[in-house]
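Thanks for sharing this one with me. Here are my notes, in the order I would go through them at the bench.

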Amino acid sequence: MPEELHMSGGSKEERYAGLLPQLRAVLGSESDPIANMANMASMLHETFGFWWTGFYRVVDGELVLGPFQGPLACTRIRRGKGVCGTAWERGETVVVPDVDKFPGHIACSGESRSEIVVPVVKEGEVVAVLDIDSRELSTFDGVDRHWLEEAVALL
Ligand code: SME
């Protein structure tokens with residue numbers, strides 16, 4: 001794994017910009033989507049030190065926990081439920097600055113304060129979501145949205 005993954009300096013933009021080519025290189029040599037989700041979760045988590053970073057996959061009409069980094073999480077989420085199910089239903093990224101103000105937020109961990117969920121779309125269908133949680137309020141904004149959408153397009 002490249003040493004630069006553990007860099008702590010630089011702006012958020014610089015870190016994402018540095019990470020994207022590394023993700024492209026690592027994922028480009030593997031075709032299995034679960035292996036690629038696992039490495040993407042790891043690389044994002046290590047680079048930014050998020051609280052929880054991982055995927056839920058659409059399996060038989062619900063979201064099922066996939067590769068992740070961080071503490072134990074809920075295993076199944078229905079369409080339209082929580083931040084993840086909402087991003088799936090809308091087919092668009094949902095940024096939540098304060099999870100206590102998001103009606104229906106599913107608290108897998110009482111430590112989470114803010115969250116972003118980015119759908120993974122294949123041939124027009126949401127096949128998974130990338131969910132990232134932070135222990136601080138308002139961690140995620142349009143910069144994360146832009147780069148994380150670029151990242152999941154590599155899957
Ligand atoms: N908070 C999410 C549930 C997944 S955990 O954060 C890992 C939600 O409301 O959908």
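1. A word on terms before the surface: accessible areas come from the Shrake-Rupley method with a 1.4 Å probe. On that basis the accessible surface of the chain is about 7,700 Å², and carbon and sulfur atoms account for 48% of it. Please keep in mind that this is a predicted model.

2. Now the overall build. The chain holds 4 helices and 6 strands, and from the N terminus on their order is α-α-β-β-β-α-β-β-β-α.

3. How does the radius of gyration agree with that of a compact globule? For 155 residues the expected value is near 15 Å, and the chain has 14 Å, so the two agree. Along the principal axes, the C-alpha atoms fill a box of roughly 40 × 35 × 25 Å.

4. On packing, 44% of the 155 residues count as buried. Of the contacts between residues at least 6 apart in sequence, 49% join residues at least 24 apart.

5. Strand 1 (residues 52-59) deserves your attention, with two pairings to follow. It pairs with strand 6 (residues 125-134) in the antiparallel sense over 6 bridges, and here Trp52 stands opposite Asp133. Strand 1 also pairs with strand 2 (residues 62-69), again antiparallel and over 6 bridges; in this pairing Thr53 has Gln69 as its bridge partner.

6. The hairpin of strand 1 and strand 2 has 2 residues between the strands, and Asp60 takes a positive phi there, near 50 degrees.

7. Finally, charge: the chain carries 14 positive and 24 negative side chains. The centres of these two sets lie 6 Å apart.

Key. Residues numbered from 1 in each chain as written. Predicted model: local features only at pLDDT ≥ 70, side-chain atom pairs only at ≥ 80, totals over all residues. Heavy atoms only, no water. Pairing = 2+ DSSP bridges. Rg over C-alpha atoms; globule rule 2.2 N^0.38 Å. Buried < 20%, exposed > 50% of the residue type's maximum accessible area, 1.4 Å probe, protein only. Contact = heavy atoms within 4.5 Å. Lys, Arg positive; Asp, Glu negative; His and termini not counted. Charge placed at Lys NZ, Arg CZ, Asp CG, Glu CD.
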